[in-house]
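Dear colleague,

Please find below the sequence and the structure that I am handing over to you. My notes on what was found follow directly after.

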Amino acid sequence: MALPLDTSAITHGIQLAVAPVFLLTAVSGMIGAVAGRLARIIDRARVVEDRARVNIEPEFLARAYKELADLRLRGRLANGCIALLTLCAFLIGTTIILLFLGETTDFQSSRLAVGGFLAGVACFLLALVCFLTETLLATRLLDFHMLQQEVEGKQP
């Protein structure tokens, strides 16, 4: 099947596809940031778990198990965020293909392209909510145990 090459249609198709490409750039940056956070969560969980294996002090073990549970929740949020961002990238990539095909062929893709783009943006927004939740949890979970002892009058 030979496609007629209309250079103005191809140029217009490329122009239509450029806007969603900027969103893909943002998505890839977010995936990198969240993957870095996930790596730090995993590293911290390994450290806490290793320390808990050699320590038998009940207070320390209780804090370690609580921190591990918090890290698991943060890890799940980061994984959910990466999954949503990946789905967003897939939907935006599909939108780019549909826009280009719709512009260069007789394929009527405008409704599919709009639906794919809106679904991609919705995934991106949900990923941002996951990211915000994970960062809020991370800052809420900061344990200033030494400072708490100092405030209570107990020097370490």
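R53 forms a salt bridge with D50, their closest N and O atoms being 3.5 Å apart, where a salt bridge is a side-chain nitrogen of Lys or Arg within 4 Å of a carboxyl oxygen of Asp or Glu. Both residues lie in helix 1, 3 residues apart, which is about one turn of the helix; helices here are DSSP runs of H or I with at least four residues, and strands are runs of E with at least two, numbered from the N terminus. R53 also forms a salt bridge with E49, with the closest N and O atoms 3.8 Å apart, and these two residues are separated by about one helical turn because they are 4 residues apart in helix 1 (residues 7–54). As for their surroundings, R53 is exposed, with a relative accessible area of 61%, whereas D50 is partly exposed at 45% and E49 is partly exposed at 36%. In these terms, buried means under 20% relative accessible area, exposed means over 50%, and partly exposed lies in between, with a 1.4 Å probe and protein chains only.

Before going further, please keep in mind that this is a predicted model, in which local features need pLDDT of at least 70 and side-chain atom pairs count only at pLDDT 80 or more, while totals for chains, interfaces and linings use all residues. Residues are numbered from 1 along each chain as its sequence is written, and side-chain values use heavy atoms, with hydrogens and water left out. The mean pLDDT of the protein is 85, and 83% of its residues reach 70 or more, pLDDT being the predictor's confidence in each residue, from 0 to 100. Among the elements, helix 3 (residues 110–140) has the highest mean pLDDT, 92, and helix 4 (residues 145–151) has the lowest, 62. Where pLDDT is low, the predicted coordinates should not be read in detail.

The secondary structure comes to 4 helices and 0 strands, and read along the sequence the pattern is α-α-α-α. Of the 156 residues in the protein, 28% are buried. Of the contacts with a separation of 6 or more, 78% are between residues 24 or more positions apart, a contact meaning heavy atoms within 4.5 Å. The accessible surface comes to about 10400 Å², of which 67% belongs to carbon and sulfur atoms; these areas come from the Shrake-Rupley method with a 1.4 Å probe, and for residues only the protein chains shown count as cover.

Returning to the charged residues, a search of the whole structure finds 7 salt bridges. One of them is formed by R74 and E134, whose closest N and O atoms are 2.6 Å apart. This pair links distant parts of the chain, with R74 in helix 2 and E134 in helix 3, 60 residues apart. Both R74 and E134 are buried, and salt bridges that share partners join R37, R74 and E134 into one network.

Next comes the nonpolar interior. The largest nonpolar core has 18 residues, and those with the most contacts inside it are V27, V34, C81, L85, C88 and F124; a nonpolar core is a set of buried Ala, Val, Leu, Ile, Met, Phe, Trp, Tyr and Cys residues joined through side-chain atoms within 4.5 Å. Helix 1, helix 2 and helix 3 are the elements that give two or more residues to this core, and helix 2 provides the largest share, 9 residues. Not counting residues up to four places away in sequence, F124 touches L23, A26, V27, M30, L85 and C88. Apart from this core lies another, of 5 residues, among them V48, F60, L61 and A64.

Which residues does G75 touch, not counting those up to four places away in sequence? They are L38 and I41. The C-alpha atoms of G75 and I41 are separated by 6.5 Å, although the two residues are 34 residues apart along the chain. G75 is found in helix 2 (residues 58–104) and is buried, with a relative accessible area of 10%.

Finally, on the surface, I14, V18, F22 and F100 form a nonpolar patch with about 370 Å² of accessible area together. Patches are made of residues with over 30% relative accessible area and no salt bridge, like charges being joined within 9 Å and nonpolar side chains (Val, Leu, Ile, Met, Phe, Trp, Tyr) within 5 Å. Helix 1 gives the largest share of the patch, 3 residues. I14 is found in helix 1 and is partly exposed, with a relative accessible area of 47%.

With best regards
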